[in-house]
Amino acid sequence: MELDERKEKILKAIIQNYRETGEPVGSRTISKYSDLNLSSATIRNEMADLEEMGLITQPHTSAGRVPTDLAYRMYVEKLIRKEECAPEADENELAKTEHFLLQRVDRLELLLEQVAKVVAANTNYAAMVSSPRYNRNKLKFIQLSRVDDYKLLVVVVVEGNIVRNTIFDTEESLSDEEILSLNLMLNSRLNGLSMEEINLGTIRALNEGAGSHRQIVSKVLDAVAEAIRPDENVEIYTSGAKNIFRYPELTDGGKAGEIISTFEEKQQLANLLTDGLKADGQQGIQVYIGEETPVQSMKDCSVVTATYELADGLQGTIGIVGPKRMDYEKVMNTLQTLMAQLDMIFKKK
């Protein structure tokens, strides 16, 4: 839907005024915008056209107008196009605020908790952050070593330098030369493969090369499968859920209570945040407005999510939940800055 310049300015003014006040916007209010220089009568005519186009609605007789979901969608699409053309964030500006995130946090879960708090504090909306997960794990390295005569340790390193250790019993005692030979064979055959790429032909070749040590190869493959298997247990870190009570349109009819319950229960949040990682090409900023939101309790909200990446293939999602009149530009800028900050933090490690 294309709007002429006058209608576009009036619609933008309605959205901005309603965002700030939460009250329906009348023609007299819009006429005070200096860049319009239009009479109230002209603005009323333009607002009538916008209403016919489904971009604004009148909630009560004799009340002003409020934007519809379609209006917010048009507004957001223009913002997204603007963001795509915007220059990259200034590294000096990122460094100035980096300490709010890091503060020498050494554990990833503490960092993600801090991210949620920063997002909620900066936006005055509710924030959620998913722990990172791998979608396409690939094997980087295998190391077999002796624990004692009948126990072996297998160290499996996957993308992102995630390490998994497994100790298992053997029916035989292996010499140093045999362990070295197995290590060379396993790494030459398996390095760089995902679980889907370890097929029957690969396993047959490993068994043939292992000779009498097939049982050991089988246990190593079990350890590799466990290490590469996608982690289904996604942790969700939240903050600022009580910010929902700041917005009267979300407190009517128990709506806020339902949203708070969703934040406490977290399973629907996990589904929402991980669904974006499953679809190819969905790694930028995603905006769900009203009925577009897949979580039933958030149908009167807008949800904005963005994918962050910590290392090769290690991805998670940051989400912001607020009223449909949220400050989309501020939310998008906050997410862009946070993703850049996380990138800077982990490049330094």
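Helices (H or I, at least four residues) and strands (E, at least two) are taken here as DSSP runs, numbered from the N terminus. On that basis, the chain holds twelve helices and eleven strands. The structure is a predicted model, in which local features need pLDDT of at least 70 and side-chain atom pairs count only at pLDDT 80 or more, while totals for chains, interfaces and linings use all residues. Residues are numbered from 1 along each chain as its sequence is written, and side-chain values use heavy atoms, with hydrogens and water left out.

Two totals set the scene. Of the 349 residues in the chain, 45% are buried, where buried means under 20% relative accessible area, exposed means over 50%, and partly exposed lies in between (1.4 Å probe, protein chains only). Taking contact as heavy atoms within 4.5 Å, 61% of the contacts between residues at least 6 apart in sequence join residues at least 24 apart.

Helix 1 (residues 5–21) is a convenient place to begin. Its 17 residues should span 24 Å at 1.5 Å a residue, and the end C-alpha atoms are indeed 24 Å apart, which agrees; the expected span is 1.5 Å times one less than the number of residues. At the N-terminal end, aspartate 4 acts as a cap, with a side-chain oxygen 3.2 Å from the backbone nitrogen of arginine 6. The buried residues of helix 1 are Lys7, Ile10, Leu11, Ala13, Ile14, Ile15, Asn17 and Tyr18. Just after the helix, glycine 22 takes a positive phi of about 75 degrees.

Helix 6 (residues 108–123) can be read in the same manner. For its 16 residues, 1.5 Å a residue gives an expected span of 22 Å, and the end C-alpha atoms are 23 Å apart, which agrees. Buried residues in helix 6 include Leu111, Leu112, Val115, Val118 and Val119, along with Gln114 and Thr123. Asparagine 124, just after helix 6, takes a positive phi of about 65 degrees.

Proline 59 sits in the loop between strand 1 (56–57) and strand 2 (66–67). It is partly exposed, with a relative accessible area of 40%. Leaving aside neighbours within four places in sequence, proline 59 is in contact with Pro24, Gly64 and Val66. From proline 59 to proline 24 there are 35 residues in sequence and 7.8 Å in space, C-alpha to C-alpha.

Helix 4 (residues 69–85) contains arginine 73, which is buried, with a relative accessible area of 18%. Its side chain makes polar contacts with the side chain of glutamate 77 at 2.9 Å and with that of glutamate 292 at 2.5 Å. A polar contact is a pair of N or O atoms within 3.5 Å; within protein, one must be able to donate a hydrogen and the other to accept it, and residues adjacent in sequence count only if both atoms are side-chain atoms. Beyond its neighbours within four places in sequence, arginine 73 is in contact with Val287, Tyr288, Ile289 and Glu292.

A pair of aromatic rings is described by the distance of the centres and the angle of the planes. Rings of Phe, Tyr and Trp (its six-membered ring) pair if their centres lie within 6.5 Å, with planes under 30 degrees apart counted as stacked, over 60 as edge-to-face and the rest as tilted. A search of the whole structure finds two such pairs. The rings of tyrosine 72 and tyrosine 328 have centres 6.0 Å apart and planes at 50 degrees, so this pair is tilted. Because tyrosine 72 lies in helix 4 and tyrosine 328 in helix 12 (residues 328–348), the pair ties together parts 256 residues apart in sequence. Both tyrosine 72 and tyrosine 328 are buried. Tyrosine 125 and tyrosine 247 form a tilted pair, at 5.7 Å centre to centre and 40 degrees between the planes. Here tyrosine 125 belongs to the loop between helix 6 and strand 3 (126–130), and tyrosine 247 to the loop between strand 8 (236–239) and helix 10 (255–265), 122 residues apart. Tyrosine 125 is buried at 7% relative accessible area, and tyrosine 247 counts as buried at 12%.

Lastly, there is an open sheet of three strands, in the order 5-6-7 with antiparallel pairing. Two strands pair if DSSP finds at least two bridges between them. Strand 5 (139–148) and strand 7 (162–169) are the edge strands, each pairing on one side only. Strand 5 and strand 6 (residues 151–158) pair over eight bridges, and aspartate 148 stands opposite lysine 151 in strand 6.
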